[in-house]
Amino acid sequence: MQSPKISSLDYPGFSFDITFQSQSSRARLGVLNTPHGSVETPAFIFCATKAAIKGLSPHQMKACGTQFILSNTYHLMLSPGSKLIQKMGGIHKFMGWDGPILTDSGGFQVFSLGHGSVASEIKGKRFGGRRKTLLEITEEGAEFKSYLDGKKHMLSPEKSIETQRELGTDFVVVFDECTPFHVEKSYTELSMHRSHRWEERSLAEFAKHHNGTQALYGIVQGGVYEDLRREATDFVNSQPFFAHAVGGSLGADKEQMYDVVSYTMSLLTPERPVHLLGIGGVRDIFEGVQQGIDTFDCVHPTRLARHGGALIRADQDIDTDKEHINLKNTRFKEDPEPIDATCECETCQTYSRSYLHYLLKAKELLAMQAITIHNVAYMNRLLQAVRGAIKSDTLLEERKKWVKG
């Protein structure tokens, strides 16, 4: 399926201004301007997968310092449907969030429904016993069964862009296939070239209705292979995208992921903002910003909270080798301290670890909400500290406050 080549696109209402460039790394400060406000970068994007942050209102997210959220095209096209959201005035009005929103393309599901997730690979997990709903990947797109009712759907580049246009998000992402680490290089290459054709079709569909209210991200694929990553970066650099996203398999472990990201970032045009898809651990953020990553997204902070996990700085006087503490543990039953005595969030100013432990044991909904508030505030405080450290060239010193080891 051939699409007309798009040589240029204007993005009125959008701009990316690099305000400071580190001399000791690729780390930089910037301002991402959108029709729904400006974002100071580096920034963390919180996942409102189904047009909602689980447990928190938009007002609470703002109160925690949140600048930017992400929603999922795949889930929203299945329910409630993009046409209904468009009829209700677009996603900002529908969910009551007046800040910038990015939607992924649904392409990640092409991978996760068929093979498992990138995050699972990096964490050493595999697909397990979940029912796979991906039916077939063809040149047209990806055919799958809805996890809601079993109906068949075809998600193509055109359908993905149309859905994101109807949702009305600020940032739109091209449709691609995200290949797993364990496939052969030959398939990674075949998939990458198909994704490039899908990206060209995404561009063409986007250009048909482009009215300046949205901006388009291209995605860099290529797996763990340097020659393929080079070819993929050459491709996206040559296309009129507003921004880039580093996607695809990033390796079998975190060290390989950091190498893949570093190599990819060395090849991308520096004028465009760059997003790292689906990655957002504390260590990951410090590694990423040093390579020039501007934005991150991950479900980890909010998902962790729902299971009793509270993010905590490395310099806190508490015995843990992780980035978080599990408030379900009996050790917190008689602990009168807040999660973090240096944190100014509502939770840390109000509740003790003992009370939160009790709420979790009692299965009170307040527990999930309170810990989510802390984790959201923590991530925003982390990124604020990162931005300050980039400006003062003290990123390595700041890292020691937040990262174990």
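**Entry 1: the end of α15**

I started at D393, which sits in the loop between α15 and α16 (395–402). This is a predicted model, so I read each angle below as a computed value. D393 comes just after α15 and takes a positive phi of about 55°. I noted that D393 is not a glycine, yet its phi is positive. In general, most residues other than glycine have a negative phi. Is D393 buried, partly exposed or exposed? Its relative accessibility is 48%, so D393 counts as partly exposed, since the partly exposed class runs between 20% and 50%.

Next I looked back along α15 itself. I checked its length against 1.5 Å a residue: the 28 residues should span 40 Å, and the end C-alpha atoms are 41 Å apart, which agrees. How many of the residues of α15 are buried? I found 20 of the 28, so the helix is mostly covered.

**Entry 2: the nonpolar cores**

I then asked where α15 puts its side chains. The largest nonpolar core has 103 residues, and α15 (residues 365–392) gives the most to this core, with 14 residues. Which members touch the most others? They are F171, L216, F242, L327 and L382.

I followed F171 a little further. Setting aside residues up to four places away in sequence, F171 touches F14, L32, T34, F68, I101, L102, T103, Q164, A215, Y217 and F242. One of these partners, F242, is also on the list of core members with the most touches. Apart from this core lies another, of 10 residues, among them Y74, I137, A142 and F175.

**Entry 3: helix α7 and what follows**

Q164, one of the partners of F171, took me to α7. In this helix (residues 157–167), I have P157, S160, I161, T163, Q164, E166 and L167 down as buried. After α7 comes G168, with a positive phi near 85°.

**Entry 4: helix α9**

I looked at α9 (residues 226–238) next. It has 13 residues and reaches 18 Å from its first C-alpha to its last, close to the 18 Å expected at 1.5 Å a residue. Its buried residues are L228, R229, A232, T233, F235 and V236. Why do they share one side of α9? They cover an arc of only 160° around the axis, which puts them on the same side. I checked what they pack against, and found α8 (185–208), β11 (215–220), β12 (243–246) and α10 (254–265).

**Entry 5: two cis prolines and A51**

I went through the peptide bonds and kept two. A cis bond joins T41 and P42, with omega about 5°. P42 lies in the loop between β3 (37–41) and β4 (43–47). The bond from S79 to P80 is cis as well, with omega near 5°, and P80 is in the loop between α2 (73–78) and α3 (82–87). For context, most peptide bonds are trans.

A51 went on my list for its phi, near 65°, a positive value in a residue other than glycine. Where is A51 found? I placed it in the loop between β4 and α1 (58–63). At 12% relative accessibility, A51 counts as buried, because the cut-off for buried is under 20%.

**Entry 6: C345 and C64**

I also looked up a cysteine pair. C345 is in the loop between β16 (324–326) and α13 (346–350). With a relative accessible area of 7%, C345 is buried. How many residues separate C345 and C64 in sequence? The answer is 281, while the two are 7.0 Å apart in space, C-alpha to C-alpha. Leaving aside neighbours within four places in sequence, C345 is in contact with I373, H374 and A377. I note no bond between the cysteines here, just the distance of 7.0 Å.

**Entry 7: the whole chain**

Last, I stepped back. I count 16 helices and 16 strands in the chain. The radius of gyration is 21 Å, close to the 22 Å that the globule rule gives for 405 residues, so the chain is as compact as a globular protein of that length. Along the principal axes, the C-alpha atoms fill a box of roughly 65 × 50 × 40 Å.

Buried residues make up 58% of the 405. Among contacts with a separation of 6 or more, 68% come from residues 24 or more positions apart. The accessible surface comes to about 17,000 Å², and 49% of it belongs to carbon and sulfur atoms.

Methods:
Residues are numbered from 1 along each chain as its sequence is written. This is a predicted model: local features need pLDDT of at least 70, side-chain atom pairs count only at pLDDT 80 or more; totals for chains, interfaces and linings use all residues. Side-chain values use heavy atoms; hydrogens and water are left out. Helices (H or I, at least four residues) and strands (E, at least two) are DSSP runs, numbered from the N terminus. The expected span of a helix is 1.5 Å times one less than its number of residues. Buried means under 20% relative accessible area, exposed over 50%, partly exposed in between (1.4 Å probe, protein chains only). The arc is that of the directions from the helix axis to the C-beta atoms. Contact means heavy atoms within 4.5 Å. The radius of gyration is taken over C-alpha atoms; the globule rule is 2.2 Å times the number of residues to the power 0.38. Accessible areas come from the Shrake-Rupley method with a 1.4 Å probe; for residues, only the protein chains shown count as cover. A nonpolar core is a set of buried Ala, Val, Leu, Ile, Met, Phe, Trp, Tyr and Cys residues joined through side-chain atoms within 4.5 Å.
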